[in-house]
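Work through the exercises below with the sequence and the model open. Each task is followed by a solution in steps.

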Amino acid sequence: MDNILVNPAISFYIGAFVQWGFLMAFLYALVVSINTPKKEAVWLSFVMSISYSSSLFIDIQHISYLELFLFDIATILAIFILRFFIIENLISIYLLLGLTINSSLFLGMYIDVSVFNNYEPWWFWFFYSIVVNLADFMMVAIFFINKDFLYLMKFKNGLITSLKGIVDG
């Protein structure tokens, strides 16, 4: 992955900040849930902390976009399995959205670079470098904000209502 757009030093600090953010989200969720039976945020932040901290053991300069895609798919599967044991909540929806966006962009970059052998930057590369970081920050932020700031639940409920109306009508 020598053809990245963001300077490796800056990329390292962004990655460290996101890892730190998920670790702090885990600790925050753990403290907030001490006297409550609801532990969904603890388990979700634990999964994300493990997923993003695993990059400490990876040489980020030589990992392929396909491997990053597979890491995100594994994390999505872990969250889906975890959703069998916890109540679906706002945090899981935001995490699944962020991981889906990231994995789609990793797959797109893999196809562009490894399949089409494109090494000239174009708009998709700039879009990738901005959106991947925004999705990571969104996933960290949802643990602390815990509000539907992108109105995803409203969109989801409206979509379900519309589909029920089509099926029933």
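**Exercise 1: An aromatic pair**

Tyrosine 65 and tyrosine 128 are both buried. The model is a predicted one.

Task: Determine how the rings of tyrosine 65 and tyrosine 128 are arranged, and which helices they link.

Solution.
- Step 1. Searching the whole structure gives 14 aromatic pairs.
- Step 2. In the pair of tyrosine 65 and tyrosine 128, the ring centres are 5.7 Å apart and the planes stand at 90°, so the pair is edge-to-face.
- Step 3. Tyrosine 65 belongs to helix α3 (residues 65-82) and tyrosine 128 to helix α5 (residues 123-145); with their positions 63 residues apart, the pair links distant parts of the chain.
- Step 4. Another aromatic group is a cluster formed by Trp122, Trp123, Phe124 and Phe127.

**Exercise 2: Packing of α2 and α4**

Task: Classify the packing of α2 and α4 by angle, then list the residues that meet.

Solution.
- Step 1. Helix α2 (residues 40-53) packs with helix α4 (residues 90-115) at an angle of about 20°, and their axes are 10 Å apart.
- Step 2. Angles under 35 degrees count as roughly parallel, and α2 is therefore roughly parallel to α4.
- Step 3. The two helices, α2 and α4, have a left-handed crossing.
- Step 4. From α2 come Ala41, Leu44, Met48 and Tyr52; they meet Ile91, Ser92, Leu95, Leu99 and Asn102 of α4.
- Step 5. Sorted by class, the contact of α2 with α4 holds 7 nonpolar residues, 2 polar and no charged ones.

**Exercise 3: Packing of α4 and α6**

Task: Classify the crossing of α4 and α6 and give the make-up of their contact by class.

Solution.
- Step 1. The axis of α4 and that of helix α6 (residues 152-168) come within 10 Å of each other, crossing at roughly 90°.
- Step 2. Angles of 65 to 115 degrees count as roughly perpendicular, so α4 and α6 are roughly perpendicular to each other.
- Step 3. On the α4 side the contact is made by Leu90, Ile93, Tyr94 and Leu97, and on the α6 side by Leu152, Met153 and Lys156.
- Step 4. These residues of the contact of α4 with α6 comprise 6 nonpolar, no polar and 1 charged.

**Exercise 4: Leucine 97**

Task: State whether leucine 97 is buried, partly exposed or exposed, and what it contacts beyond its sequence neighbours.

Solution.
- Step 1. Leucine 97 is located in helix α4.
- Step 2. Its relative accessibility is 30%, so leucine 97 counts as partly exposed.
- Step 3. With neighbours within four places in sequence set aside, leucine 97 is in contact with Met138 and Leu152.
- Step 4. From leucine 97 to glycine 165 the C-alpha distance is 25 Å, with 68 residues of separation in sequence.

**Exercise 5: Two loop residues**

Task: Say where asparagine 117 and tyrosine 151 lie, and give the phi of asparagine 117 and of tyrosine 151.

Solution.
- Step 1. The loop between α4 and α5 contains asparagine 117, which is not a glycine yet has a positive phi of about 55°.
- Step 2. The loop between α5 and α6 contains tyrosine 151, also not a glycine and with a positive phi of about 55°.
- Step 3. Tyrosine 151 counts as exposed because its relative accessibility is 53%.

**Exercise 6: The whole chain**

Task: Describe the secondary structure, burial and contacts of the chain.

Solution.
- Step 1. The chain has 6 helices and 0 strands.
- Step 2. Of its 169 residues, 36% count as buried.
- Step 3. Among contacts in the chain with a separation of 6 or more, 75% are between residues 24 or more positions apart.
- Step 4. Along the principal axes, the C-alpha atoms fill a box of roughly 45 × 45 × 25 Å.

Key. Residues numbered from 1 in each chain as written. Predicted model: local features only at pLDDT ≥ 70, side-chain atom pairs only at ≥ 80, totals over all residues. Heavy atoms only, no water. Axes fitted to C-alpha atoms, helices over the stretch in contact; angles between N-to-C directions. Helix = DSSP H or I, 4+ residues; strand = E, 2+ residues; numbered from the N terminus. Parallel < 35°, antiparallel > 145°, perpendicular 65-115°, else oblique. Left-handed = near helix turned anticlockwise from the far one by under 90°. Contact = heavy atoms within 4.5 Å. Nonpolar A, V, L, I, M, F, W, Y, C, P; charged D, E, K, R; others polar. Phe/Tyr/Trp six-rings, centres within 6.5 Å; stacked < 30°, edge-to-face > 60°. Buried < 20%, exposed > 50% of the residue type's maximum accessible area, 1.4 Å probe, protein only.
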